Amino acid sequence: MIALNGWGLASSGDYRRGFQHGGRRYAHTIDPATGWPVENDLASVSVLAPTVMQADALATAILVMGAARGMAFARISGVATVMIRRGPEGAVTEVSPALQEMLDDDPQR
């Protein structure tokens, strides 16, 4: 649970809108570089941003980038994000430094 305090939150992923066919997972999000459904190990990306519109655009863009490029972008751009990717052992969660800072922030300071 997180208090938004005027921020917008949006998530993008293939865990709800996707399907499997022929042993392959198809996402509903289209990669503009290929014109085909996104193919990466991300199940979900959530972003906190000043507006919901910004959060939604960033969550979708980071999902399309994939885990490595998406987290690099989040670090460089200061985007508060959490991503869940499919690993060999199950779900793996990664939090960007900007979001970690928000979570670590002590309101008593």
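Here are a few notes on the sheet, the helices packed on it, one salt bridge and one surface patch.

1. First, a caveat: this is a predicted model, so read what follows with that in mind.

2. The sheet. Four strands make up an open sheet, and going across it the order is S1-S6-S7-S8, with antiparallel pairing. The edges are taken by strand S1 (8-13) and strand S8 (90-95), each of which pairs on one side only. From one strand to the next, the twist averages 15 degrees.

3. The S7/S8 pair. Strand S7 covers residues 80-87 and is joined to S8 by six bridges, the two strands running antiparallel. Together S7 and S8 form a hairpin, with two residues between them. If you want to check the register by eye, Ile84 sits opposite Thr93 in S8, and Arg86 has Ala91 in S8 as its bridge partner.

4. Helices on the sheet. Which strands does helix H2 lie across? Helix H2 (residues 67-77) lies across strand S6 (42-49), S7 and S8, and its direction is at about 165 degrees to S7. Helix H3 (residues 97-104) also lies across S6, S7 and S8, but runs at about 115 degrees to S7.

5. The salt bridge. The count for the model comes to one salt bridge. The partners are Arg75 and Glu94, and their closest N and O atoms are 3.5 Å apart. This pair links distant parts of the chain, since Arg75 belongs to helix H2 and Glu94 to strand S8, 19 residues apart. As background, side chains of opposite charge can pair when their charged atoms come close.

6. How covered is that pair? Buried or exposed, or in between, for Arg75? Arg75 has a relative accessible area of 49%, so it counts as partly exposed. The cut-off for exposed is over 50%, which is worth keeping in mind when you read the label on Arg75. Glu94 is partly exposed too, at 23% relative accessibility; here the other cut-off matters, because buried means under 20%.

7. A nonpolar patch. Which residues form the nonpolar patch on the surface? They are Ile2, Leu4, Trp7, Leu9, Met102 and Leu103, which together have about 500 Å² of accessible area. One of them, Leu9, lies in strand S1, an edge strand of the sheet. Leu9 has a relative accessible area of 41%, so it is partly exposed.

Conventions:
Residues numbered from 1 in each chain as written. Predicted model: local features only at pLDDT ≥ 70, side-chain atom pairs only at ≥ 80, totals over all residues. Heavy atoms only, no water. Pairing = 2+ DSSP bridges. Axes fitted to C-alpha atoms, helices over the stretch in contact; angles between N-to-C directions. Contact = heavy atoms within 4.5 Å. Salt bridge = Lys/Arg side-chain N within 4 Å of Asp/Glu carboxyl O. Buried < 20%, exposed > 50% of the residue type's maximum accessible area, 1.4 Å probe, protein only. Patch = residues over 30% accessible without salt bridge, like charges linked within 9 Å, V, L, I, M, F, W, Y side chains within 5 Å. Areas by Shrake-Rupley, 256 points an atom, 1.4 Å probe, with all protein chains shown as cover.
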